Amino acid sequence: MAAWVRPRWLEGERDGLAGGLTVPRALVAGLNGADGFVIVPHVLPDVDALASAAALCTVLRHMGKRARVEAPEVPDLHAWVLDPALQRADAAAAVRIAVDTARPERLQVPGPVTFCLDHHEDNPGFGVEADWVTPAPSCTCLVAALADALGVEADGALATTLYAGLLGDTSGFREVGGPDAFAWAERFARSGADCGAAAERFHRRSPGFWALLAEVEGAMGWLTAPGAPPLAAVAVTVDQPRRHGIGPYEHAMLPTHLSPPAGGVLVVLQEGVQGVRLRFRSRGHDVLPLAHLLGGGGHPTSAGAQLRGIGLDGAQERLVAAWAHLAGVPAGSVRRRAAASPV
Ligand SMILES: [Mn+2]
């Protein structure tokens, strides 16, 4: 069993290795004092949501606690992250923990939660007993810091799960917001994570995915207006992923394979049966104000919004209006180009 590499910040030296994460005492005391845990991730789960739930469940079981993950929705694409044994029910469990979920209505199984553990900046905190909401490259980083605080050492399997969450939320280190992600990666690797196996599994795509990606890249359009940051946008109809045999979870990974414009925003508009899903990506430019204006949320460089009862044309109009509003330019001054580059 590999031991944790104990970061110096735990000894009180905030050297930035892990962004100075400090686990709230109320959370540590609450988890130590309780038993019978149910860990719930968010709907349309990504790798980090499932990895965070799996890792926290494993940590609690290492402590001798009864714990299980409650995730009715585990897509085949991400099934490698969550061992089915972690979902197995035992005696009635009542202490619910939300992981990686910014709002209660996004929980896979709705209901009050006792503890809330999340790295989304716009999470208001909705745990009845304790919340821990703090920025980190992935929610598994919080689980790792919590394991340290609870005195649980990671073995290779747990470290691999923690690393998987980091891979997921950095899109395989394509969308790294700072050096913290690499410090965490090193820590997980030195704790015994099989980084190669996790990366191979994470980056696996179906053949149709690459065909769809090529199609989408060729259809990129640009919005420009004097004084506004550049915005690259592409719309994907509901038929396109179907035609290539791409399911919703793999479709959700499309934006991470497209490059955001320098100093600007990439928006992928994905048509669905109920409306249009907008996915925002950037390298450094804060996309949260745009996501919030359109009723969504997420992280500063990776966010999303769902527009219901609307088609692609309507969604594009809403996007242009919101973007022009934020940039303080009249919507009429926005120029649209269907081209591979903005000039
Ligand atoms: Mn996450």
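Strands are taken here as DSSP runs of E of at least two residues, numbered from the N terminus, and two of them count as paired if DSSP finds at least two bridges between them. In the predicted model, strands β6 and β7 accordingly form a hairpin with six residues between them, and Gly227, which lies in the turn, has a positive phi of about 85°. The pairing of β6 (residues 221-224) with β7 (residues 231-236) is antiparallel and extends over three bridges, with Trp222 standing opposite Ala232 of β7. Strand β6 is also joined by four bridges to strand β12 (residues 335-338), again in the antiparallel sense, and in that pairing the bridge partner of Trp222 is Arg337.

A parallel arrangement is found in an open sheet of five strands, whose order is β2-β1-β3-β4-β5. Strands β2 (67-69) and β5 (127-133) occupy the edges with a single partner strand each, so that one side of each is left without a neighbour in the sheet. On average, and with direction ignored, neighbouring strands of this sheet are turned by 20° against each other. Within the sheet, β3 (residues 95-99) and β4 (residues 113-118) run parallel and are joined by three bridges, and Ile97 has Phe115 of β4 as its bridge partner. Helix α1 (residues 25-33) packs on the sheet, where it touches β4 and β5, and its direction makes about 130° with that of β5.

The largest nonpolar core comprises 57 residues, and those with the most contacts inside it are Ile39, Ala53 and Leu162. Helix α2 (residues 47-62) provides the largest share of this core, namely eleven residues. When residues up to four places away in sequence are not counted, Ile39 touches Ala53, Leu56, Cys57, Ala67, Val69, Glu70, Ile97 and Val99; the contacts of Ile39 thus include Ile97, the residue whose bridge partner in β4 is Phe115. Apart from this core lies another, of 34 residues, with Ile246, Met253, Val276 and Leu307 among them.

Helix α2 also packs with helix α3 (residues 139-150), at an angle of about 10° and with the axes 8 Å apart. Because angles under 35 degrees count as roughly parallel, α2 is described as roughly parallel to α3. On the α2 side the contact is made by Asp48, Ala51, Ser52, Ala55, Leu56 and Val59, and on the α3 side by Cys139, Thr140, Val143, Leu146, Ala147 and Leu150. Classified by residue type, this contact of α2 with α3 has nine nonpolar, two polar and one charged residues. Leu56, one of the α2 residues in the contact, is also among the residues touched by Ile39.

Two loop residues deserve mention for their backbone conformation. Most residues other than glycine have a negative phi. Leu44, by contrast, has a positive phi near 45° and is located in the loop between β1 (37-40) and α2. With 16 other C-beta atoms within 10 Å, Leu44 is partly exposed. Ser171, likewise not a glycine, has a positive phi of about 50°; the loop that holds Ser171 lies between α4 (156-169) and α5 (180-190). Ser171 is also partly exposed, since 19 other C-beta atoms lie within 10 Å, whereas a residue would be classed as buried at 20 or more.

Definitions and conventions. Residues numbered from 1 in each chain as written. Predicted model: local features only at pLDDT ≥ 70, side-chain atom pairs only at ≥ 80, totals over all residues. Axes fitted to C-alpha atoms, helices over the stretch in contact; angles between N-to-C directions. Contact = placed C-beta atoms within 7 Å. Core = buried A, V, L, I, M, F, W, Y, C linked by C-beta atoms within 7 Å. Buried ≥ 20, exposed ≤ 12 C-beta atoms within 10 Å, placed from the backbone. Parallel < 35°, antiparallel > 145°, perpendicular 65-115°, else oblique. Nonpolar A, V, L, I, M, F, W, Y, C, P; charged D, E, K, R; others polar.
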